[in-house]
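Thank you all for coming. I would like to spend a few minutes walking through one structure with you, so please have the sequence and the picture in view.

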Amino acid sequence: MTLEAEVWNDITPIPQDDGPDPLAPIAYDTEYTKAMDYFRAISQKDERSERALELTEKIIEYNPAHYTIWHYRQQILFSLNKNLYEELEFVKDQIDNNPKNYQLWHHRQVLVEKLKDASRELPFINEILNDDAKNYHAWTYRQWVIRTFNLWDDELDFVNKLLDKDVRNNSAWNQRYFTIFFNPTKPTDEFLAQEIDYVIEKIKMTPNNISPWNYIKGIIAKSNKDINILEGLCKEIEEQNIISPHALGCLVDIYESRARNGSTADKEEGIKICAILAEKHDTIRKKYWEYRKVILVSL
Amino acid sequence: MTEFVRDKHISCLKRNLTLLPRQYASNDTNRMTLGFFCLSGLDLLGALESEISEERRNAWIDWIYAQQILPDENNPEVNEKICGFRGSPFSGLSFDPNGTRESRLPFDAANLAMTYTALTSLLILGDDLSRVNRSSIINSLKYLQRDDGSFTQTYQGMEADMRFLYCAVVISYILNDFSGINIEKAIEYIKNSQSYDFGIGQGPGEESHGGSTYCAISSLYMLNKLDEGLLSKEKTLFWLISRQESGFQGRANKPTDTCYSFWIGASLKILDKFELIDYEQNYNFLMQTQTKFGGFAKSIDNNYPDVMHTYFGIAGLSLMNVSGLLELDPVINISKKAKENLLNNCVFHKQN
């Protein structure tokens, strides 16, 4: 797309005044400078026209993070009563090329809020997550869509599929928590018991995967259960001669909580495991485990 | 490469301050922050005064003030919401080192992140903030806080999250006036954004992330609410310390990245637990993301440096007191020298 001179011949472009010695000036492409010079001229008059819309597209090509241009574009789209479904297609192409740009996702949200129609959103987000299942922007937007349009019903199935594909995907574990605990329908005790079994299975598959360990500790705390229920799992992993710093770290938490209730045997056991983690199995966190040991000794 | 190439970083940052390559056009509206990365990097390298003439430093101070939007008596209703600093002069007003009062441009507005990096850049350059219009900036914050306690970056209504909550808090801290923030709501937002693993996300329900965890911890520190705001300091410590793999990752099961040596490192520093990390592995990782012509890249397998990762690489090393670097204030994210300028010379602190 190029800017045609005859469309703009009634406009006097306004150059950027950067002063005598600007801080960190950018070596702009001539086309970007030209487009911005027209933007400065027409935005002062708040012109809302077809050519203004095209101009925003040109600027976005160079600078998709230009939040003011997006804001201007939204005002033009609404003033000209543009077909916002077409704009959804436009922003989809933009996001495909720039999946980690805040302004693009926000623009999509503005459009969907205006349309009050989220029917295209989950399929669209699925496509983006298919390329990068940990894209933070996509997840933020997905949570907004689910909350705003009450689309909770199929989300756990979706998360299950993602975890089947990659059990180390922490974003999917986080979404699991969101789906269960941010849902207006609260989970039953029976559901939570099954959920703990599900996570234990996943931990057994990959005992060195931190994500389900964090998750299970989280749901145990959330459902007011005792972390002691994980002792069996940790011991089982140990007995199979699998070295898992996460299982050992979990035992430290368990023993520390019992030591706080006065158990000397657990205190000694906890100190022993801290030493093993510090010296052998989690040496990058040597000083951390020594710190935990000092806490245990002081109890 | 195991040597820290200090001189190469100095020339790289000087080059960028003079002219950024064309691909930075995609950050045109964030130029103030790009400038901050270069200035603060040079400052941490102890090279700002020796490498940049006083005349040039003063010209940059003027350039920063030229981006300030001041109160406009002719149009107070609109103007109240847009005071502060722009990221660059893109909106089309003439250069004025005293700032501009014209508020009839419908698409001209300050931005919280740009106001934050304008103020820190001024402090780094040795300015006393005497040309900053404090009351108008503090007043504009009221229009940017949402009901849930979070902040948006401009009144034009972009996304609201933990990043801009931090910007609002640090601006108030620098200007020594918290009256523009509903502190109770801000604390509530931080509490609600703590995840089941006690890291902190950009908002409630979102995945724990090194950047948002830093923003939350640093904000709580400035508000003097660390004990109240962190649901479990020990568990947040475990989340932070678990991010070290050699350098640091920003989220569980994600690759290491130069910038998290700062985000996670500074969070630990604020919690007074930085000494628990493995210095040697962090140092070696950063020596591998350092590029031989100066600057830092995001990761080991990407050898193209950018100003953001260059700054955070230097800042990450400064947290470890690597020789040849000034000490960093982890809360405001400027050198301790620039922080002293704030406390001893700045007009908003001196008088108190």
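Let me begin with the term I will use most: a salt bridge here is a side-chain nitrogen of Lys or Arg within 4 Å of a carboxyl oxygen of Asp or Glu. Please also keep in mind throughout that this is a predicted model. With that rule in hand, A:Lys217, A:Asp253, A:Glu256, A:Arg260 and A:Arg292 are linked in a network of salt bridges, and over all chains the count comes to 47 salt bridges.

To place these residues, chain A is divided into domain 1, covering 1-82, domain 2, covering 152-227, and domain 3, covering 242-299. The C-alpha centres of domain 1 and domain 2 of chain A lie 47 Å apart.

Let me now go through some individual pairs, starting with one between the chains. A:Asp18 forms a salt bridge with B:Arg31, and the closest N and O atoms are 3.1 Å apart. This pair crosses from the segment before helix H1 (30-43) of chain A, where A:Asp18 sits, to helix H2 (residues 31-44) of chain B, which holds B:Arg31. Are these two residues buried or exposed? Both A:Asp18 and B:Arg31 are buried.

The next pair stays within chain A, where the side chains of A:Lys100 and A:Asp132 meet in a salt bridge at 3.7 Å, N to O. A:Lys100 lies in the loop between helix H4 (84-97) and helix H5 (102-115), and A:Asp132 in the loop between helix H6 (121-131) and helix H7 (136-149), so the pair ties together parts of chain A that are 32 residues apart in sequence. A:Lys100 is exposed, because its relative accessible area is 52% and the cut-off for exposed is over 50%, whereas A:Asp132, with a relative accessible area of 24%, is partly exposed.

In chain B, B:Glu51 forms a salt bridge with B:Lys14, with the closest N and O atoms 2.8 Å apart. This pair links distant parts of the chain, since B:Glu51 is in helix H3 (residues 48-51) and B:Lys14 in helix H1 (residues 6-18) of chain B, 37 residues apart. Both ends are partly exposed, B:Glu51 at 34% relative accessibility and B:Lys14 at 29%.

Turning to charge on the surface, A:Glu4, A:Glu6, A:Glu54 and A:Glu57 form a negative surface patch. Of these, A:Glu54 is found in helix H2 (residues 50-62) of chain A, and A:Glu54 is partly exposed, with a relative accessible area of 46%.

Next, a point about the backbone. Most residues other than glycine have a negative phi. Against that background, A:Lys116 has a positive phi of about 50 degrees although it is not a glycine. A:Lys116 lies in the loop between H5 and H6 of chain A and is exposed, with a relative accessible area of 69%. In chain B, B:Asp272 likewise is not a glycine and has a positive phi, of about 65 degrees. B:Asp272 lies in the loop between helix H13 (260-270) and helix H14 (279-289) of chain B, and at 58% relative accessibility B:Asp272 counts as exposed.

Finally, please look at B:Pro89, which lies in the loop between strand E2 (84-85) and helix H6 (112-124) of chain B. B:Pro89 is buried, with a relative accessible area of 6%. B:Pro89 and B:Asp108 are 19 residues apart in sequence, and their C-alpha atoms are 9.5 Å apart in space.

Methods
Residues are numbered from 1 along each chain as its sequence is written. Chains are lettered from A and ligands numbered from 1 in the order in which they are written. This is a predicted model: local features need pLDDT of at least 70, side-chain atom pairs count only at pLDDT 80 or more; totals for chains, interfaces and linings use all residues. Side-chain values use heavy atoms; hydrogens and water are left out. Domain bounds come from an automatic or database domain assignment. Patches are made of residues with over 30% relative accessible area and no salt bridge: like charges are joined within 9 Å, nonpolar side chains (Val, Leu, Ile, Met, Phe, Trp, Tyr) within 5 Å. Accessible areas come from the Shrake-Rupley method with a 1.4 Å probe; for residues, only the protein chains shown count as cover. Lys and Arg count as positive and Asp and Glu as negative; His and the chain ends are not counted. The place of a charge is taken as NZ of Lys, CZ of Arg, CG of Asp or CD of Glu. Helices (H or I, at least four residues) and strands (E, at least two) are DSSP runs, numbered from the N terminus. Buried means under 20% relative accessible area, exposed over 50%, partly exposed in between (1.4 Å probe, protein chains only).
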